[in-house]
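Morning, everyone. I'll go through some charged pairs, then one core position. Let me put the structure up.

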Amino acid sequence: MPQLDSFIKALFEHRADALALQPGAPAALKVRGADRPITRDALSGAQVTGLLREVLPAEQAGALGGTSPFTATYAAPAGTVALEVRPGEGGPQAVVRPVARAAAGAAAPDPALRAAMDELLRGLVAAGGSDLHLRSGQPPIHRVSGGLARLDQPAVTPERLDGMLASIMPEAARREFLECGDADWAFEIEGVARFRCNAGRERAGPMAVFRVIPSVIPTVEEMGITPEVQALCQLSKGLVLVTGPTGSGKSTTLAAMVDLVNRTRNDHLITIEDPVEFVHPSKQCLVTQRQVGLHTRGFKQALRAALREDPDIVLVGEMRDLETVSIALETAETGHLVFGTLHTTTAASTVDRIIDQFPADRQAQVRTMLAESLRGVIAQVLCRKIGGGRVAAREILLVTPAIQNLIREGKTFQIPSVMQTGRKLGMVTLHDALMELVEQGKVEPKEAWMKAADKPAILTALKAKRHDTSFAGDA
């Protein structure tokens, strides 16, 4: 009996996604994204070759020492598997999958499961929700106006959820989900909305979250974006950042600003996103939208390539690492307008976050670069609106000579004070933005207090305006 049969038996018994055979590492099952070794010692290249040679047809067994990858199927006693074999430095390496799962990428989606998925996503949009949560063993859940609401539907079984996800996953995402246990992709229902999709695995089985991306891009006027922020969209060069925690509406605000650029300028706009969310058809601008993992390997690679693609404006969906931040700063310095996002809550903390990513011996230089290239920061949080829905509170920093000096000198703690004195220029602190929403009757005082960065200060302001602050206790 071929030795590989015992490994394949373990693959089926543990309901694993795949079996990995790689020289220099133990044979390992991939179960819900995690590696589970099933041999004590690492395999050698000769051992992997021997395991494969026993089960491959003669012509493919002879190709094991070659330089080209290939696929094969093998009917083991425990079940049929698909083998993906590719050359490696120490010898051939292989991924072995149960054939039903390996073929899922090529099989036509189950129409009933696809219809069920469509119905859930249409229902999310009809309910005015922002997110759909699907969990094994639980009913579908909507996020509406910031809160979670379970639907009056049966719990979703792991097997059904796997099939529902497979019915709308592109092949690349399906493969990534099987191999890594996580996948991101975009999905669109024509005339309804686009969705940013994430699938993963947890203790109970598969899980997924779908974020609604409206098919119609809101305008800056509809979003209530101030004329001063709109003016940032007309700059010829510099760095403009939209920041905030996850789920704060950064993508929507940035989409409205990009749409303004697209309607009013005659330039080449490149977006680099993961995944592409809002679709921007070319209007006055020529728009190029690239998706990480599909059209390019990563943000930093795409950003470097963008400099050779004759851009005027570049949007970087996420400034995740030091190299991406560094290239974005250089791009802004060399005569391009760069839009980017960060997960920071205030304008001052955004400046600190960028500088702190660099080694200490480079921080003085980066402060100078940032002082010269940064043009504005829009930091926002989403608040629950009285009567339903949500509204954004936006802190707006516009970089003036005074702000530039503070950045150069490392005195970012003084930025909020300068913003207070710069109200006439269009600057707004988060404190003032939250208080304005309360005064306009759009947001409850408790909600403003919960979203505030400086809770004692907003509590004092609320008391001065004679609002009920009993929610804060003795604070």
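Start with Asp 35. Asp 35 forms a salt bridge with Lys 30, and the closest N and O atoms are 3.0 Å apart. Keep in mind that this is a predicted model. Now, buried or exposed: where do Asp 35 and Lys 30 fall? Asp 35 has 51% relative accessibility; the cut-off for exposed is over 50%, so Asp 35 counts as exposed. Lys 30 comes out at 18%. Buried means under 20%, so Lys 30 counts as buried. One exposed partner, Asp 35, and one buried partner, Lys 30.

Next pair. Glu 84 and Arg 175 meet through their side chains in a salt bridge, at 2.9 Å from N to O. Where do the two sit? Glu 84 is in strand β5, residues 79-86, and Arg 175 is in helix α7, residues 171-180. They are 91 residues apart, so to speak a link between distant parts of the chain. Arg 175 is partly exposed, with a relative accessible area of 36%.

That pair has company. Which residues share the network of salt bridges? Glu 84, Arg 97, Glu 171, Arg 174 and Arg 175 are linked in it.

Third pair: Glu 323 and Lys 300. Their side chains meet in a salt bridge, 3.4 Å from N to O. This one also links distant parts of the chain, with the two positions 23 residues apart in numbering. Glu 323 belongs to helix α12, residues 322-333. Lys 300 belongs to helix α11, residues 299-306. Both partners are partly exposed: Glu 323 at 32%, Lys 300 at 30%.

How many salt bridges are there in the whole structure? A search finds 23.

Now away from the charges, to Leu 165. Leu 165 lies in helix α6, which covers residues 158-166. Its relative accessible area is 0%, so Leu 165 is buried. What is Leu 165 in contact with, once neighbours within four places in sequence are set aside? The partners are Phe 177, Ala 199, Pro 206, Met 207, Ala 208 and Phe 210.

One distance to finish. Cys 197 is 32 residues from Leu 165 in sequence. In space, C-alpha to C-alpha, the two are 9.7 Å apart.

To recap: an exposed Asp 35 bridged to Lys 30, a five-membered set around Glu 84 and Arg 175, a helix-to-helix bridge from Glu 323 to Lys 300, and a buried Leu 165. Over to you for questions.

How values were computed. Residues numbered from 1 in each chain as written. Predicted model: local features only at pLDDT ≥ 70, side-chain atom pairs only at ≥ 80, totals over all residues. Heavy atoms only, no water. Helix = DSSP H or I, 4+ residues; strand = E, 2+ residues; numbered from the N terminus. Buried < 20%, exposed > 50% of the residue type's maximum accessible area, 1.4 Å probe, protein only. Contact = heavy atoms within 4.5 Å. Salt bridge = Lys/Arg side-chain N within 4 Å of Asp/Glu carboxyl O.
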